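User: Please walk me through the packing, the disulfide chemistry and the charge pairs of this model. Keep it brisk.

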Amino acid sequence: MAPGGSACKEVESYPAVADYAIATTTPESNSMTTKSSFGFVGKHGIQSNNGVYELLECPVCKNLMYPPIHQCPNGHTLCLNCKNRVRNCCPSCRYDLGNIRCLALEKFAESLELPCKYHSLGCHEILPYYSKLKHKQHCRFRPYNCPYAGSDCSITGDIPTLIAHLKDDHKVDMHDGCTFNHRYVKSNPQEVEHATWMLTVFKCFGKQFCLHFEAFQIGMVPVYMAFLRFMGDDSEAKKFGYCLEVGANGRKLTWQGIPRSIRDGHRKVRDSQDGLVIQRNLALHFSGGDRQELKLRVSGRIWKEA
């Protein structure tokens, strides 16, 4: 028995947790340098030639470890999140973990420099070990989430991957052109508080734009909202503008704005009301007839800012 250690009960085993899901996965083949004499390449940018990868990989979740790195009295290490998951019991030797920090491994990690996790997707940054995690969260080459709003889709990937996914898996309508005229119909709209219509994707100026239309409530007021999202980063989205218009019976509402990047989830955009918002009573007035059926025609145009 290790000094000061005590055996603990058997704990549940946990499967490896992948770093991220992507529609088309490509093994990373990155290079890595250190301020010392090591040179590695492979998963996470680290090669296992001399055990460095095994040293820095958490044995439970299989992700790279960042401070605080904990160890048991026998020297087995794991990350903070997994320390909590295994209820303070070492998954390797079953002794109590206590609160021992592996300062030597933390210090060694400071000497490492790694390529970005998304090197294979185009990022060529070489980063200090402890800067890599923060960079990964904001890297412009990181995969995008599927923009489809009709379900909680977990697919991620680059733009060409998502375009193929939307077309093949979600059967989304794809159109070429910078102007559009869509009609949204719903019978018994008074009975529907929340609804999402089929996403439409437009190819314009060599880029893709997603047109969303849905019903929801702002407080107690039922509304419809149309808005546009850009399939790319926010810096690119700001190079474009768009307008939406809806009307009938001598009246109309117009909206002009900048498309939001799909980095912002559709719910975030919707809840910020950054689009054409139409109260239900007015939408039914635009629909004409007996106001018992939604027949709303939304037209729009996309342009590139000078």
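The questions and answers below cover these topics in turn.

User: Which element gives the largest share of the largest nonpolar core?
Analyst: This is a predicted model. The largest nonpolar core has 34 residues, and Trp197, Phe213, Leu244, Leu294 and Leu296 touch the most other members. Elements that give two or more residues include strand E14 (207-218), strand E16 (240-248), helix H8 (280-287) and strand E20 (293-304). The largest share, seven residues, comes from E15.

User: Which residues are in contact with leucine 296, leaving aside its neighbours within four places in sequence?
Analyst: Leucine 296 is among the core members that touch the most others. With those neighbours left aside, its contacts are His182, Arg183, Tyr184, Phe213, Val246, Ile278, Ala283, Phe286 and Ser287.

User: How many residues does the other core hold, the one with Leu56 and Ile69?
Analyst: This core lies apart from the largest one. Its members include Leu56, Ile69, Ala109 and Leu112. The count is 21 residues.

User: Which residue makes a polar contact with the side chain of histidine 165?
Analyst: Histidine 165 is found in helix H5 (residues 159-168). Its relative accessible area is 8%, under the 20% limit, so histidine 165 is buried. Leaving aside neighbours within four places in sequence, histidine 165 is in contact with Cys146, Cys153, Ile155 and His170. The polar contact, side chain to side chain at 2.7 Å, is with aspartate 169.

User: How many residues apart in sequence are the parts that the disulfide ties together?
Analyst: The structure holds one disulfide, and it joins cysteine 178 to cysteine 204 with S to S at 1.9 Å. The link is right-handed, with 100° about the S-S bond. Cysteine 178 lies in the loop between strand E10 (173-176) and E11, and cysteine 204 lies in strand E13, so the parts tied together are 26 residues apart.

User: Is cysteine 204 buried or exposed?
Analyst: Its partner, cysteine 178, is partly exposed at 23% relative accessibility. Cysteine 204 is at 2%, which is under 20%, so cysteine 204 counts as buried.

User: Why is there no bond between cysteine 82 and cysteine 79?
Analyst: Cysteine 82 is buried, at 2% relative accessibility. Its closest cysteine sulfur is in cysteine 79. A disulfide needs sulfur atoms within 2.5 Å. The pair is too far for a bond because the sulfurs are apart by 3.6 Å.

User: How many residues apart in sequence are arginine 270 and glutamate 214?
Analyst: Their side chains meet in a salt bridge at 3.2 Å, N to O. Arginine 270 is buried at 14% relative accessibility, and glutamate 214 is buried at 2%. Arginine 270 lies in helix H7 (residues 266-271) and glutamate 214 in strand E14, so the parts tied together are apart by 56 residues.

User: Which residue forms a salt bridge with arginine 270, with the closest N and O atoms 3.0 Å apart?
Analyst: The partner asked for is partly exposed, at 46% relative accessibility. The salt bridge at 3.0 Å is formed by aspartate 271.

User: What is the N to O distance between arginine 263 and aspartate 233?
Analyst: Arginine 263 lies in the loop between strand E18 (260-261) and H7, aspartate 233 in the loop between E15 and helix H6 (234-237). Arginine 263 is partly exposed at 22%, while aspartate 233 is buried at 15%. Their side chains meet in a salt bridge at 2.8 Å.

User: How many salt bridges are there?
Analyst: Side chains of opposite charge can pair when their charged atoms come close. Arg260, Asp264, Lys268 and Asp274 are linked in a network of salt bridges. The count of salt bridges comes to 12.

Definitions and conventions. Residues numbered from 1 in each chain as written. Predicted model: local features only at pLDDT ≥ 70, side-chain atom pairs only at ≥ 80, totals over all residues. Heavy atoms only, no water. Core = buried A, V, L, I, M, F, W, Y, C linked by side-chain atoms within 4.5 Å. Buried < 20%, exposed > 50% of the residue type's maximum accessible area, 1.4 Å probe, protein only. Helix = DSSP H or I, 4+ residues; strand = E, 2+ residues; numbered from the N terminus. Contact = heavy atoms within 4.5 Å. Polar contact = N/O pair within 3.5 Å; in protein donor to acceptor, adjacent residues only side chain to side chain. Salt bridge = Lys/Arg side-chain N within 4 Å of Asp/Glu carboxyl O.
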